[in-house]
Amino acid sequence: MQDHLQLKNEILQKINSSSDLNDLDDVRIQFLGKKGSLTLLMKQLGSYEPEKRKEIGQKLNEIQKDVLEAIENKKLVLRKNHLNKKLENESIDISLPTRPENQGRIHPLTKTMDEVVSIFAQMGFSVADGPDIESDYYNFTALNIPQEHPARQEHDTFYFNADANGDRKVLRTHTSPVQIRTMEKLKPPLRVIVPGRTYRSDHDATHSPMFHQCEGLVIGDNLNMSHLKGCLIEFCRVFFGVEDLPVRFRPSYFPFTEPSAEVDIGCSKKDGELKIGPGDEWLEILGSGMVNPRVLQNCGIDPNEHQGFAFGMGLERIAMLKYGIPDLRPFFESDLRWMKHYGFFSYEQTSIHQG
Ligand code: PHE
């Protein structure tokens, strides 16, 4: 009896002092393996009297059970220790200061384009595009600007060298050629806007040889000047975020629209600072008009069946007005200081709705 208790204590102590899983397994083999001392004792049971055998057998079974349980418990402890040690060694020092971060900005022009597109998208417009290098036909002729028309001079066009047929390609001077391309491709009713690059040979604080416009074209049945006005008044008020923004339609002339109107928005100047909104001054921001029947005909649309309106605006110009940017030239100079000042963070939400 005494021996058995001693043996049990010895085993439990060895289990307890194992310092890792290998150690623990050695202990198990030493006592419970094929030639382990506990195993041997069990093998000897057969040589006892039945009474004795039963008594000792029971004892040994109990010891074996306790030992196995102790091994399992120790295993859990050793595994946990092992994991903790690993976590400790591999821990990250989160108190270290971060490296200076270089967060990029959204260019004010990109921001403006996104805003314009989303406002018109909510009015049911889709986005169309066309090539920057345009034929004379799409840029001028189809838009009712024939060869000797004075409007051609006004555009300060960049011409390519003439090809074998004498045709000269141009860098498109406005996004209006995409009106023609769209009407050739799609059947009315249609509603598109065309944000894109345009080119004119002009360079000063308010003109850049490359700039951006957004064209708009709506063709349907029974469309008239009031549809044009409603659409553009809504756009101006939402874009500039001024609910009672005065919008004025001033008679004008474009060869591809008839009648034509230039659109002005109200503003005031106080201490040299410009404020968009009700005031006693006006700023011109876009050109518009009912699509000239000749243009419709050029695209195979019968003007007696379909009518529509078109408009075009300079995107840098409306960006400058909305965001108070005084000079156009830095838009294309990639100066990071300018971007830091006028750029936008990507997570900044634009509210295009009022109220
Ligand atoms: N294409 C004209 C411009 O560049 C703007 C415009 C577009 C006017 C559509 C009327 C209709 O000035």
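How far is a nitrogen atom of the ligand from an N or O atom in the side chain of Ser-176? The gap is 2.9 Å. Keep in mind that this is a predicted model. The legends below start at the ligand and then move outwards.

**View 1. The ligand and three of its polar partners.**
Start with Ser-176, whose side chain has an N or O atom 2.9 Å from a ligand nitrogen. Next, find Arg-200: one of its polar side-chain atoms lies 3.0 Å from an oxygen atom of the ligand. Gln-213 joins in too, with a side-chain N or O atom 3.0 Å from a ligand oxygen. As for how wrapped up the ligand is, it has 320 Å² of accessible area on its own, and the protein covers 90% of that.

**View 2. The shell around the ligand.**
Zoom out a little and you can pick out 14 residues around the ligand. His-174, Ser-176, Arg-200, Gln-213 and Glu-215 come nearest. Sort the shell by class and you get eight polar, four nonpolar and two charged residues. Three strands each chip in at least two shell residues: E5 (210–220), E9 (281–291) and E10 (307–314). Strand E10 gives the most, with three residues.

**View 3. The largest pocket, home of the ligand.**
Here's where the ligand sits: in the largest pocket. This pocket has a volume of about 1,300 Å³. It is lined by 48 residues, and Arg-200, Gln-213, Glu-284, Gly-314 and Arg-317 are the closest to its centre. You've met Arg-200 and Gln-213 already, since both are also on the list of residues that come nearest the ligand.

**View 4. What the pocket lining is made of.**
Which strand gives the most to the lining of the largest pocket? That's E9, with six residues. Plenty of other elements each supply at least two lining residues, including helix H7 (150–154), strand E6 (247–254), strand E8 (273–276) and helix H11 (315–323). By class, the lining divides into 21 nonpolar, 17 polar and ten charged residues.

**View 5. Two cis peptide bonds.**
Look at the bond from Pro-188 to Pro-189: it's cis, with omega near 5 degrees. Pro-189 is in the loop between helix H8 (177–185) and strand E4 (190–199). Another cis bond runs from Glu-258 to Pro-259, this time with omega near -5 degrees. Pro-259 is found in strand E7, an element spanning 257–270 that supplies at least two residues of the pocket lining.

**View 6. Asn-144 and its positive phi.**
What is the phi of Asn-144? It's positive, about 70 degrees, although this residue is not a glycine. To find Asn-144, go to the loop between helix H6 (136–139) and H7. Helix H7 itself is one of the elements that supply at least two residues of the lining of the largest pocket.

Terms used:
Residues are numbered from 1 along each chain as its sequence is written. This is a predicted model: local features need pLDDT of at least 70, side-chain atom pairs count only at pLDDT 80 or more; totals for chains, interfaces and linings use all residues. Side-chain values use heavy atoms; hydrogens and water are left out. A residue is near a molecule or strand if one of its heavy atoms lies within 4 Å of it. A polar contact is a pair of N or O atoms within 3.5 Å; within protein, one must be able to donate a hydrogen and the other to accept it, and residues adjacent in sequence count only if both atoms are side-chain atoms. Accessible areas come from the Shrake-Rupley method with a 1.4 Å probe; for residues, only the protein chains shown count as cover. On a 1 Å grid over the protein atoms alone, a cavity is a set of points where a 1.4 Å probe fits but cannot get out, and a pocket is an open set with protein on both sides within 12 Å along at least five of seven lines; lining residues have an atom within 4 Å of a point. A molecule sits in a cavity or pocket if more than half of its atoms lie within 2 Å of its grid points. Helices (H or I, at least four residues) and strands (E, at least two) are DSSP runs, numbered from the N terminus. Ala, Val, Leu, Ile, Met, Phe, Trp, Tyr, Cys and Pro count as nonpolar, Asp, Glu, Lys and Arg as charged, and the others, Gly among them, as polar. Grid points are joined across faces, edges and corners, and a volume is the space filled by probe spheres set on the points.
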